[in-house]
Amino acid sequence: MNSVSSAKNHPALTISKGKSMDHPNASQPVNPYAPPTAEVGFDPGVESANFIPGGRTVSAGSSLAWISGAWNLFKQKAGLWVGFALAYGATILVSAFIPFIGNLVMMFLPILLVAGVVYSCDLLEREDSFAFSDFFIGLKRQTGPLLIVCMIAFGFMIVLMIVAFLFFGTAMVGMIAGAKSSSTAGTSVGVAAMVIGGIVVLAGSFVYGMGIWFAPALVIMHNVEPVRAIKMSFSACLKNILPGIVFFLVMTVLWVLAVIPVGLGMLIVGPMFFISYYTSYRDIFLGRDD
């Protein structure tokens, strides 16, 4: 089977935009044994025509639809989702005991898995099924662009940590100096530095989250270039601040409830949180809230 026929039979493969399956010169006979001239690439999916590049603004109540939609997708393949939660939890647990490399795993893995979850949810909706291996599609396709997103995210967090260290370091020095000299000036400087540092770190964390939230979905589903995907994600989140706040408030309540039954509820809420990357992307970038 050649690559073009494979593209027709696989929902995730297609002929790249701007390429034609016809021979470039219709006046010349086509050699059936020649390699295909069309470039086979990753398809954004059957709903790519509905793609809204900048994302749309939705109501605060839409966030509840993201969560209910995540629950509906979870129910369809609960066994696979629980297996995903166990595998992810085990990986994070092991990574916590591996210096440096473990930190990289904990930084890079979630972004790669979000791409896999979005891809798996898309398959589930279109074909009513997906395989466990689809969770790791980011390790096989669009890996380069996704790793660039990871590295940008990692670099941003490093810068944020340095800024936090400077502010909190200044705060500690000021407080110690104030305690030694019995002066309120040093203490005031220390307190001010700590407050400002906390605000900067909090704001930076929000910026990080908004830039990363939709980026894996945009890369894996629409071939969006990494930097542009991050910008599009930030812009979409910025215009949907209110539904985002409602979503995280509701998810926080669900996380608390999930911990009560010996943490077993996390096997449900954890996958639902990951699936919400897809349901929110589907709503904002495809205009579907069902």
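**The largest pocket, a helix crossing and a long-range pair**

Student: By class, what residues make up the lining of the largest pocket?
Tutor: Happy to start there: none of the lining residues is charged (Asp, Glu, Lys or Arg). Nonpolar covers Ala, Val, Leu, Ile, Met, Phe, Trp, Tyr, Cys and Pro, and polar the others, Gly among them. A pocket is an open set of points on a 1 Å grid over the protein atoms alone where a 1.4 Å probe fits, with protein on both sides within 12 Å along at least five of seven lines; lining residues have an atom within 4 Å of a point. The lining therefore divides into 33 nonpolar, eight polar and no charged residues.

Student: What kind of model is this, and how are residues numbered?
Tutor: It is a predicted model, where local features need pLDDT of at least 70 and side-chain atom pairs 80 or more, while totals for chains, interfaces and linings use all residues. Side-chain values use heavy atoms, without hydrogens or water, and residues are numbered along each chain as its sequence is written, from 1.

Student: Which helix gives the most to the lining of the largest pocket?
Tutor: Helices are DSSP runs (H or I, at least four residues), as strands are (E, at least two), numbered from the N terminus. Those giving two or more residues include helix 3 (78-95), helix 6 (184-213) and helix 10 (266-285). With nine residues, the top contributor is helix 10.

Student: How are helix 3 and helix 10 oriented to each other?
Tutor: Their axes (lines fitted to C-alpha atoms over the stretch in contact, angles from 0 to 180 degrees between N-to-C directions) come within 9 Å and cross at roughly 95°. Among the residues that meet (heavy atoms within 4.5 Å) are Trp81 and Phe84 in helix 3, and Leu267 and Phe274 in helix 10. Because angles of 65 to 115 degrees count this way, helix 3 and helix 10 are roughly perpendicular.

Student: Which residue pairs with arginine 56 in a salt bridge?
Tutor: The whole structure has three salt bridges (side-chain nitrogen of Lys or Arg within 4 Å of a carboxyl oxygen of Asp or Glu). Arginine 56 sits in the loop between strand 2 (40-42) and helix 2 (62-76), 227 residues from its partner in helix 10. At 2.5 Å, N to O, that partner is aspartate 283.

How values were computed
Angles under 35 degrees count as roughly parallel, over 145 as roughly antiparallel, 65 to 115 as roughly perpendicular and the rest as oblique.
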